[in-house]
Amino acid sequence: MNAKDLSVICARLREIGASTVGGALDALGIDGLVVPPIRPVAPDRRFAGPAFTVNVAIGALGTFRPEEFDIPAYVDHAAPGEVIAIDAGGAMVSMMGGAAATAAKLRGVAGIVVHGGVRDLDEIVESGMDLFVQHAVPVSGRTRVRTAATQVPIKLEGVTVRPGDILVGDSTGVVCIPKDRLHEVFALAEKAEATDRVIFEHVRQGKGIGEAARIAKGG
């Protein structure tokens with residue numbers, strides 16, 4: 001798939017949202033539901049894009065050299081439209097703060113998902129970065145974190161995410177579409193979203209949910 005086609009699909013997935021995509025994943029038997037507590041930093045945050053994956057090692061204060069906490073390895077190398085996904089194993093340690101989130105936003109990064117912590121939460125919200133995280137903490141990653149590898153398979157809340165897999169997030173949560181299943185998931189999600197639109201239309205006209213669903217499904 002070329003970059004333009006992928007960009008169009010991701011833009012549409014961003015509109016469709018995590019819930020409908022999650023339903024498509026379930027229907028196809030794909031394990032891609034990243035369950036809470038990873039949540040957006042603000043209610044209006046949403047994204048869809050291919051994953052730029054990051055794996056880190058965590059230790060006590062003083063475990064690593066300061067330069068090993070290599071935030072530029074992901075903030076400055078993720079391409080526009082990609083979603084930075086950081087596997088910190090849920091640690092209550094910051095992977096980035098307001099300056100890094102702002103830099104990612106200005107670079108065109110589509111979103112950031114952190115299975116761990118961030119600091120400077122107010123600054124991150126103000127940056128407009130579509131960032132999803134498990135913890136907001138005042139605990140710096142400096143000498144506690146080593147950026148171990150980028151663009152390797154990682155885990156987000158038990159879900160395997162590989163480089164280039166498509167991550168979709170909104171206020172409901174985050175889902176992961178394996179890149180080799182993108183077309184079938186996207187087609188099923190589009191179909192489900194169209195059905196939902198018809199159901200909503202009839203519900204707004206005063207029909208019961210059961211009747212609206214039967215009409216939408218041609219019954």
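The following exchange takes up the salt bridges of a predicted model.

Modeller: In this predicted model, local features need pLDDT of at least 70 and side-chain atom pairs count only at pLDDT 80 or more, while totals for chains, interfaces and linings use all residues. Residues are numbered from 1 along each chain as its sequence is written, and side-chain values use heavy atoms, with hydrogens and water left out.

Biologist: How many salt bridges does the count come to?

Modeller: Side chains of opposite charge can pair when their charged atoms come close. A salt bridge here is a side-chain nitrogen of Lys or Arg within 4 Å of a carboxyl oxygen of Asp or Glu. By this rule, the count comes to nine.

Biologist: Which residue forms a salt bridge with D170?

Modeller: D170 counts as buried, at 7% relative accessibility, where buried means under 20% relative accessible area, exposed over 50%, and partly exposed in between (1.4 Å probe, protein chains only). The closest N and O atoms of the pair are 4.0 Å apart. The partner is partly exposed, with a relative accessible area of 26%, and the residue that pairs with D170 is R46.

Biologist: Is E68, which meets R65 in a salt bridge, buried or exposed?

Modeller: The side chains of R65 and E68 meet at 3.9 Å, N to O, and R65 counts as partly exposed at 48% relative accessibility. E68 has 18% relative accessibility, and therefore counts as buried.

Biologist: Which residues are linked with R12 in a network of salt bridges?

Modeller: One pair in which R12 takes part has its side chains meeting at 2.9 Å, N to O, with E193 as the partner. Linked with R12 in the network are E15, E190 and E193.
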